[in-house]
Structure formats: C-alpha cells, structure tokens
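Thank you all for making the time this morning. I would like to walk through one structure with you, slowly, and please stop me wherever something is unclear.

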Amino acid sequence: MADAAEPVDLLVLGADLVATLDDTRREIAGGWVAATGGLVQAVGGPGDPPPPATRVLRADRCLVTPGLINTHHHMFQNLTRSYRPAVNGSLFTWLSTLYPLWAGLDDEAIYLSAWVGLAELALGGCTTSTDHLYVHPRGAGDLISASIGAAVELGMRFHPTRGSMSLSQKDGGLPPDSVVQDDDEILADSERLVARWHDRSWGAMVRIALAPCSPFSVTPRLMSATATLAERLDVRLHTHLAEDPDEDRFSAQNFGIRTIEHFENMGWMTDRSWVAHCIYPNPAEVARLGVAGVGVAHCPSSNMLIGGGGMAPVAELRAAGAPVGLGCDGSASTDHASLWLEARGALLLGRQRKGSTGMTGRDALEIATLGSAACLGRSGELGQLTVGAAADLVCWPLDGIAFAGALTDPIEAWLRCGPVAARHTVVAGVPVVSDGRLVASGVDDILRRHHSVAARLQGVAS
C-alpha cells in the first residue's frame, strides 16, 4: 500500500464492486483504487485503509472496471454517418459508394473526426483506442499526426495505425485512384510516423501500428514488405481479414487461394498481428490463427449491420489461443462508438451462437479489457487494475430505474440492464470524463466545425 505520508494522485472510493481482472479475477465489494504517476498504486477493500489522496473520485453505486479498449475503428467515417445512398448495401457496395466522399478528407477533417470519435468513446467507458486510417488523399496533409493531436488534447491513450491502399480500380481493386498511394510512399511514411510518434515505454500514451487496409485494396508486395518493416521496427500489424464472403472470392480469383492462406503467405501469421472481424475462417484456419497467436478485433454491431450476415467464431478463436478483443468499427457502418454497446452485442451474439453458456457478462468484460490489451501487445499493462498497471478505469453507475432489482451480480447487471454510460472515465490517473461530462472544453465549437466538414464531404447544405 502507498506510504500514508505520501498522498497518491487519485483515489477512486466507495464502489459497490471493483472488478480487477487480475490473474485470479478478483472482485472486491466496497473496493477502492489508488493511482500515482499514471499507474495503479494500490487496490483495496473495506478492511484496507485507503491512502490519502490529492484528488478523490466517488464511485458510490458504481461498478468499477478497467477501462475498455477499442481495437478497431475508422474515426474519419463519423463524417459520413448514416449516409443514405450507402446504408443498406453490401460491404463492397458500401465502400464503393463512400470512397469518392472520403477522397475529400484533409488534416482538419481528420482532427475533427478523431476528436469527436475519441470523445464519444470516452463517454462510453473507453480509455484506449486504435484507429485504422487507410484513406490518404494526395495533398491532404499529415493525417495521422492530426489525429494524434486530438487524442493528446482529450487525454486519451491512442494506438493509431498507418493504414494504406495501393491497389486501385485500374489494378482490379476496389478503391478509386484518388485515395490510393504508391507502395514505396506508404512504406516511407510508415517509417517516418513510427520514428516520430511511437513510444515503447511502459504506460505509453501513443503507439503506432502498420495497417494495409485489406487483401483486396493493397498489392501482395505491400503486404509482405509491411510485415518485414514491422518486424524491423518492432511495431504491430493490423488489417481486415475474413470479413465478407466476397473477400474469399477475390482471393481465389487473384491468388488462387483462400484469403487467410494469402495472409499467411505474406508473413502475417504471427503474434505481432491482430485482424478485424475474422467472421469466416474455417475450423483449420481458426486453429492456425490460435497457434500463431494472431489477435482478433470482434466487432459485433458492424458484423450484424454490414458483415454479410455471419457471426465471428469468438468462442472457437479464444479456445484455440487467439486473443479476442472488442472493436466498434467505423461510424459509417455502425453509426455509434460505444464499447458498452459492443460488449453487450458480444454477449448477445455469443449466446445466440452457443446457447446460454456461450457467453457471460464476465466473458464480455474480459474480451473488452484483457483480450483487447493482448491484441495491442499490452498484456499486463492495460486492461486490468493491478499494482503497476496503467491507471485506466471506468466507474459505471448501476442505479436508477434501469437497475432497480439488480442486487446480486453487478457485472451481469452491467450488460443485461442499462443502457449505461460512464460516470467517470480515467486515463493514466486523470479523469477525461467526470460525472458523465467530458472534462475537455470546446465541445460546441468542435461539433460546429465537424458539421461543416461533414456537409462539405456529403454535398449537403451546412
């Protein structure tokens, strides 16, 4: 426990239950959490006197959990939410409709969309998020750095990925020429961004990953060269994989093999990689992904809305040894960024697939915390409330009409009742949401500017 003579920076006190997600999955009724220097200093219960603190956050009638971790998102897409010509198409139709709009992105658009996306996530109990930004129109500016600027302003832990597309329509790919780049340009910019922003230290607030968009939007050379570069720079790899049946048809037509075989042949079947969706692996592929330790970002809402009707084999992937985390995916496909909704979606889909024992509230919480941390290569550091781990946590209010009668199991009630948003969201020991409101100022101005850019992209009056 912290020295009583030395006040900790933050004390979260009075919780109904603290779910630590430690190795024994300890749950502490009446628990508290203390943080100093951005890390958890101590965790205790009613019999443990809490240390003095510079700041106290009350968590009365709350479940306290580690912060939820978002492992797949496209924040720029909140500029085209519910775009009418695209909302009811297949994945490929949806993308083909929106690519021309996204060709108008610039660094201002990316900053504003990242600010809005990260703020929305924080309000929904997310403390760390990745972002897969794969559209880089020529002359648009330094888009990844613009998104990092938004994360720094809000105080969010951020894992942006340097996404890319190099296979345009003229090459047999899906995106138009206006949003693709040359392989060598992509690789050089990837190395630049890692050198500028990637922080390898414990408790890092910003890390970069490399993320060719998908097998049908980049060349095999870029896929292979990116894997080699990630190995040399010691950063992680991310892409979409097995998201839609059209993906296997494309791979069969162009490479003569299934898409996961292509993924493996390109040097990606490694625990350095995590992939989005992974709805359609066959049993042998599930086993290979598990043995290799490839992580999977499970995106329940997106899969139901636009993923071709399939359900990701989450239970099988976890049993095979693949880390499974949670993702909300792009706002233009799911039109929200609430990891609480995604955790509930994971619970429901898991039970739809496997019956009443197929997924529990605790399973969903583990996926959203420990599983997500493993996908990002940060096991032991994120996703748990243990001494020395990052002080990222959420206080979830479990009171009011929605929780009346939920007396015996706060974790199951957290997802079965509700909806619920964060009372407090804490990142690195600092509240970014306090009493249900963003701590950052300037929300109205950001929303006004975001509306103007969205109207420009969509061609409607602002």
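I will take the two sheets, then one helix, and then the cysteines.

Before that, please keep in mind that this is a predicted model, in which local features need a pLDDT of at least 70 and side-chain atom pairs count only at pLDDT 80 or more, while totals for chains, interfaces and linings use all residues. Residues are numbered from 1 along each chain as its sequence is written, and side-chain values use heavy atoms, with hydrogens and water left out.

Let me begin with the sheet of seven strands, which is open, has mixed pairing and runs in the order 3-2-7-16-17-18-19. By strands I mean DSSP runs of E of at least two residues, and by helices runs of H or I of at least four, both numbered from the N terminus; two strands pair if DSSP finds at least two bridges between them. The edges are strand 3 (27-29) and strand 19 (437-438), each of which pairs on one side only. Further in, strand 2 (residues 17-19) and strand 7 (residues 62-66) pair in the parallel sense over two bridges, and Leu17 stands opposite Leu63 of strand 7.

A further open sheet has four strands in the order 5-4-1-6, again with mixed pairing. Strand 5 (39-44) and strand 6 (53-58) stand at its edges with a single partner strand each, so one side of each has no neighbour in the sheet. Strand 4 (residues 32-36) pairs with strand 5 in the antiparallel sense over five bridges, and there Trp32 has Gly44 as its bridge partner.

Turning to helix 12 (residues 339-354), its 16 residues reach 22 Å from first C-alpha to last, close to the 22 Å expected at 1.5 Å a residue, where the expected span is 1.5 Å times one less than the number of residues. Its buried residues, meaning those under 20% relative accessible area with a 1.4 Å probe and protein chains only, include Leu339, Trp340, Glu342 and Ala343. Ser338 caps the N-terminal end, with a side-chain oxygen 3.4 Å from the backbone nitrogen of Trp340, and just after the helix Gly355 takes a positive phi of about 90 degrees.

Finally, how many disulfides, that is, pairs of cysteine sulfur atoms within 2.5 Å, does the structure hold? It holds zero. For Cys328, the nearest cysteine sulfur is that of Cys299, 7.5 Å away, and for Cys395 it is that of Cys62, 5.3 Å away. Cys395 counts as buried, because its relative accessibility is 0%.

How values were computed:
Disulfide = S-S within 2.5 Å. Buried < 20%, exposed > 50% of the residue type's maximum accessible area, 1.4 Å probe, protein only. Polar contact = N/O pair within 3.5 Å; in protein donor to acceptor, adjacent residues only side chain to side chain.
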